[in-house]
Amino acid sequence: MRDKIISYVREKYATDPEYLWLKTPDAFVLRNRKNKKWYALVMNVKKSVLIPSAKGFTDIINLKCQPLTRECLITEGKAFPAYHMNKKLWISIILDGNLDFKILCNIIDESYNIIDR
């Protein structure tokens, strides 16, 4: 899923992933080229940070979204209050294929558009 996300944002926004942390070399941010603001963060985390009873690790993407989008996705169980970000403004989505990629792209677009202002 990471490769699909990277391909999508490269094509649509000319964005390349930025790997910023030595302690988490697989984590990357996607940043608006004009204003340098992050619109996404992809990382591998313990599942239990989102689902307390879950075991193991999973890839997630953190995205900024409108309150209505946030509430709908969380209510439907497709997203969680963001791990390691402002939980009122950001969501975490588990990248396990349960969310249709087109929908994920729409949320990536929403995040990009919010920070592009």
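Helices (H or I, at least four residues) and strands (E, at least two) are DSSP runs, numbered from the N terminus. The model shown in every view is predicted.

**View A. Surroundings of T15 in the loop between α1 and β1.** T15 is placed after helix α1, which covers residues 2–13, and before strand β1, which covers residues 28–31. The relative accessible area of T15 is 1%, so the residue counts as buried, the limit being under 20%. The side chain of T15 makes a polar contact of 3.0 Å with the side chain of Y39. Residues up to four places away in sequence being left out, T15 touches V9, R10, L30, R31 and Y39. Y39 therefore appears both in the polar contact and in the list of residues touched by the buried T15.

**View B. The aromatic pair of Y8 and F101.** Six aromatic pairs are found when the whole structure is searched. One of them is formed by Y8 and F101, whose rings meet edge-to-face, with 6.4 Å from centre to centre and 85° between the planes. Y8 belongs to helix α1 and F101 to helix α3 (residues 101–115), so this pair ties together parts that lie 93 residues apart in sequence. Both Y8 and F101 are buried.

**View C. The aromatic pair of Y13 and Y112.** The rings of Y13 and Y112 are stacked, 3.8 Å apart from centre to centre, with 20° between their planes. Here too distant parts of the chain are linked: Y13 is in helix α1, Y112 is in helix α3, and 99 residues separate them. With a relative accessible area of 12%, Y13 is buried; Y112, at 10%, is buried as well. Together with Y39, residues Y13 and Y112 make up one aromatic cluster. Y39 is also the residue whose side chain is joined to that of T15 by a polar contact.

**View D. The charged end of K4 over the ring of F101.** The charged end of K4 sits 4.4 Å from the centre of the F101 ring, over that ring. F101 is the helix α3 member of the pair with Y8, and F101 is buried.

**View E. The residue I108 in helix α3.** I108 has a relative accessibility of 0% and therefore counts as buried. Neighbours within four places in sequence aside, I108 is in contact with I5, Y8, V9, Y39, I61 and L63. Among these contacts are Y8, a member of the edge-to-face pair, and Y39, a member of the aromatic cluster. V9, another contact of I108, is also touched by T15. Between I108 and F28, the distance from C-alpha to C-alpha is 15 Å, and the two residues are 80 residues apart in sequence.

**View F. Contacts of R2 in helix α1.** R2 has a relative accessible area of 17%, so this arginine is buried, the upper limit being under 20%. Outside the four places in sequence on either side, R2 is in contact with D26, F28, V42, M43, N44 and D59.

**View G. P25 in the loop between α1 and β1.** In contrast to the buried R2, P25 counts as exposed, because its relative accessibility is 58% and the limit is over 50%. The C-alpha atoms of P25 and M43 are separated by 9.2 Å, with these positions 18 residues apart along the chain. M43 is one of the residues in contact with R2.

**View H. Positive phi values at A14 and K36.** A14 has a phi near 55°, a positive value in a residue that is not glycine. A14 is found in the loop between α1 and β1, the loop that also holds T15 and P25. With a relative accessible area of 38%, A14 is partly exposed, whereas T15 is buried. K36, which is not a glycine either, has a positive phi of about 70°. K36 is found in the loop between β1 and β2, strand β2 covering residues 38–46.

**View I. The cavity of the model.** Searching the whole structure gives one cavity of 30 Å³ or more. The largest cavity has a volume of about 40 Å³. Its lining consists of M1, I93, I94, L95, G97, N98, L99 and L104.

Note on methods. Residues are numbered from 1 along each chain as its sequence is written. Side-chain values use heavy atoms; hydrogens and water are left out. Buried means under 20% relative accessible area, exposed over 50%, partly exposed in between (1.4 Å probe, protein chains only). A polar contact is a pair of N or O atoms within 3.5 Å; within protein, one must be able to donate a hydrogen and the other to accept it, and residues adjacent in sequence count only if both atoms are side-chain atoms. Contact means heavy atoms within 4.5 Å. Rings of Phe, Tyr and Trp (its six-membered ring) pair if their centres lie within 6.5 Å; planes under 30 degrees apart count as stacked, over 60 as edge-to-face and the rest as tilted. A charge sits over a ring if NZ of Lys or CZ of Arg is within 6 Å of the ring centre and within 35 degrees of the ring normal. On a 1 Å grid over the protein atoms alone, a cavity is a set of points where a 1.4 Å probe fits but cannot get out, and a pocket is an open set with protein on both sides within 12 Å along at least five of seven lines; lining residues have an atom within 4 Å of a point. Grid points are joined across faces, edges and corners, and a volume is the space filled by probe spheres set on the points.
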